[in-house]
Amino acid sequence: MQISGQRGQPFARGALYHLLQNRLYLGEIVHKGQTYPGQHTAIVDQALWGEVQAMLAANRIDRRRGSNAKEPSLLAGILFDEHGRRLTPSHANKGGRRYRYYVTDPRDGGRLPAIRLPAKEVETAVLAELGRYLSTARGAPGSSSIMEADCIEVLRTNVFKVVLGNADLEIFLKAPGDHEEQHLRVPYSLRRRGVEAKLILDTDIHPRKSKQDPVLIRGIAKAYMWNKRLMAGDPTSLRALARAESVTVRYIQKMLPLAFLCPYVVSQVLDGQQPHELTLETIVNSPMPRKWKAQALRLGFLYASK
């Protein structure tokens with residue numbers, strides 16, 4: 001529905017918000033920030049006024065946190081670093097994909113190192129801790145019955161600040177039905193690669209859920225199979241293998257290095273413990289060191305020799 005103002009023109013958003021918050025309609029006047037009873041008759045009752053103000057407040061929260069967006073930035077407006085710098089939503093497009101981040105303001109003069117955190121990573125960390133908090137509050141520590149929607153609701157309605165401390169992620173909130181402030185503390189570490197940083201939670205507190213990537217697993221398996229066939233001399237050349245597999249020689253050349261991946265990396269991929277951002281596309285397009293430990297670190301694994 002479109003609401004029209006002067007000469008039938010639609011109200012701008014700012015004008016409409018001003019109209020809906022004008023206390024003159026309540027029979028009141030505002031002078032120097034103070035509200036006083038007016039001498040005119042109210043045309044809006046208090047109950048309706050309250051409902052409208054509640055809706056406006058909810059819309060402000062949704063806009064600030066991007067709740068109406070396709071990929072909402074759940075921590076917009078409430079995420080800070082230990083120096084009090086606000087981290088704001090940002091994004092980059094690469095290879096047709098959109099990557100979301102939280103970044104510090106680059107205009108702070110470079111007094112402190114800039115921070116760029118993958119948005120999904122830090123949001124998942126906060127939601128995981130809220131899930132643990134809700135499980136404990138409901139008397140079922142470790143319960144898997146806590147839904148992500150429950151955590152998002154608590155984040156939107158009760159969390160008012162999240163701070164990336166030196167070694168802890170702190171979540172400040174008001175408990176449901178309680179006016180006392182609480183804060184949750186989660187140990188973490190940051191692994192930096194240039195400006196971008198990767199957030200690593202304590203796995204004893206937040207065990208990482210495994211998620212196998214079937215495309216990546218098939219790619220590694222295919223590389224192993226092709227390399228085995230070439231080593232056995234059947235077929236005798238890359239060109240013959242490409243014809244047999246109905247692919248290009250270039251494609252086989254890009255895939256074959258997967259047959260020489262660090263065994264630790266392969267085992268982590270098979271267990272679904274690879275970094276979230278690691279895909280078949282990123283791994284085949286990454287310059288790969290020869291040493292296994294260097295491979296693992298390049299691909300975002302915390303290397304552990306076995």
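Which residues does L130 touch, not counting residues up to four places away in sequence? In this predicted model, L130 touches C151, V154, L155, V159, I171, L173 and L184. That list is a good way into the interior of the protein, so to speak, and we can start there.

## The nonpolar cores

The largest nonpolar core has 29 residues, and L130 is among the members that touch the most other members, along with L75, V126, L155, V159, V162 and L169. At least two residues of this core come from each of α3 (119–137), α4, β7 (159–164), β8 (168–174) and β9 (181–193). The biggest contribution is that of α3, which gives eight residues. A second core, separate from this one, has 24 residues, including I252, M255, Y264 and V269.

## Two sides of helix α4

Helix α4 (residues 148–157) deserves a look of its own. Its residues C151, I152, V154 and L155 are buried. Viewed down the helix axis, the buried residues of α4 fall within an arc of 160 degrees, so they line one face of the helix. A general point helps here: an α-helix has 3.6 residues a turn, so residues three or four places apart point the same way. On the other side of α4 you will find A149 and T157, which are exposed. Three of the names above return from the opening: C151, V154 and L155 are each touched by L130.

## Some residues with partial or full exposure

Now to the outside. L24 sits in the loop between α1 (13–20) and β1 (28–31). Together with I29 and Y36, L24 makes a nonpolar surface patch of about 260 Å². The table sets L24 beside three other residues.

| Residue | Place | Relative accessible area | Class |
|---|---|---|---|
| L24 | loop between α1 and β1 | 42% | partly exposed |
| A221 | helix α5 (residues 214–231) | 44% | partly exposed |
| Q253 | helix α7 (residues 249–255) | 40% | partly exposed |
| S246 | loop between α6 and α7 | 68% | exposed |

Why does A221 count as partly exposed? The class runs between 20% and 50% relative accessible area, and A221 counts as partly exposed because its relative accessibility is 44%.

Two of these residues can also be placed by C-alpha distances. A221 and A259 are 38 residues apart in sequence, with 7.9 Å between their C-alpha atoms. For Q253 and L238, which are 15 residues apart along the chain, the C-alpha separation is 8.3 Å.

## Backbone details worth a visit

Most residues other than glycine have a negative phi, and most peptide bonds are trans. Against that background, two places invite inspection. A cis peptide bond joins D234 and P235, with omega about 5 degrees. P235 lies in the loop between α5 and α6 (238–245). S246, although it is not a glycine, has a positive phi of about 60 degrees. S246 belongs to the loop between α6 and α7.

## The whole chain

Stepping back, the protein has ten helices and ten strands. It comprises 306 residues, of which 34% count as buried. Among contacts in the protein with a separation of 6 or more, 49% are between residues 24 or more positions apart. The accessible surface of the protein is about 19,500 Å², and carbon and sulfur atoms account for 54% of that surface.

How values were computed: Residues are numbered from 1 along each chain as its sequence is written. This is a predicted model: local features need pLDDT of at least 70, side-chain atom pairs count only at pLDDT 80 or more; totals for chains, interfaces and linings use all residues. Side-chain values use heavy atoms; hydrogens and water are left out. Patches are made of residues with over 30% relative accessible area and no salt bridge: like charges are joined within 9 Å, nonpolar side chains (Val, Leu, Ile, Met, Phe, Trp, Tyr) within 5 Å. Accessible areas come from the Shrake-Rupley method with a 1.4 Å probe; for residues, only the protein chains shown count as cover. A salt bridge is a side-chain nitrogen of Lys or Arg within 4 Å of a carboxyl oxygen of Asp or Glu. Helices (H or I, at least four residues) and strands (E, at least two) are DSSP runs, numbered from the N terminus. Buried means under 20% relative accessible area, exposed over 50%, partly exposed in between (1.4 Å probe, protein chains only). The arc is that of the directions from the helix axis to the C-beta atoms. A nonpolar core is a set of buried Ala, Val, Leu, Ile, Met, Phe, Trp, Tyr and Cys residues joined through side-chain atoms within 4.5 Å. Contact means heavy atoms within 4.5 Å.
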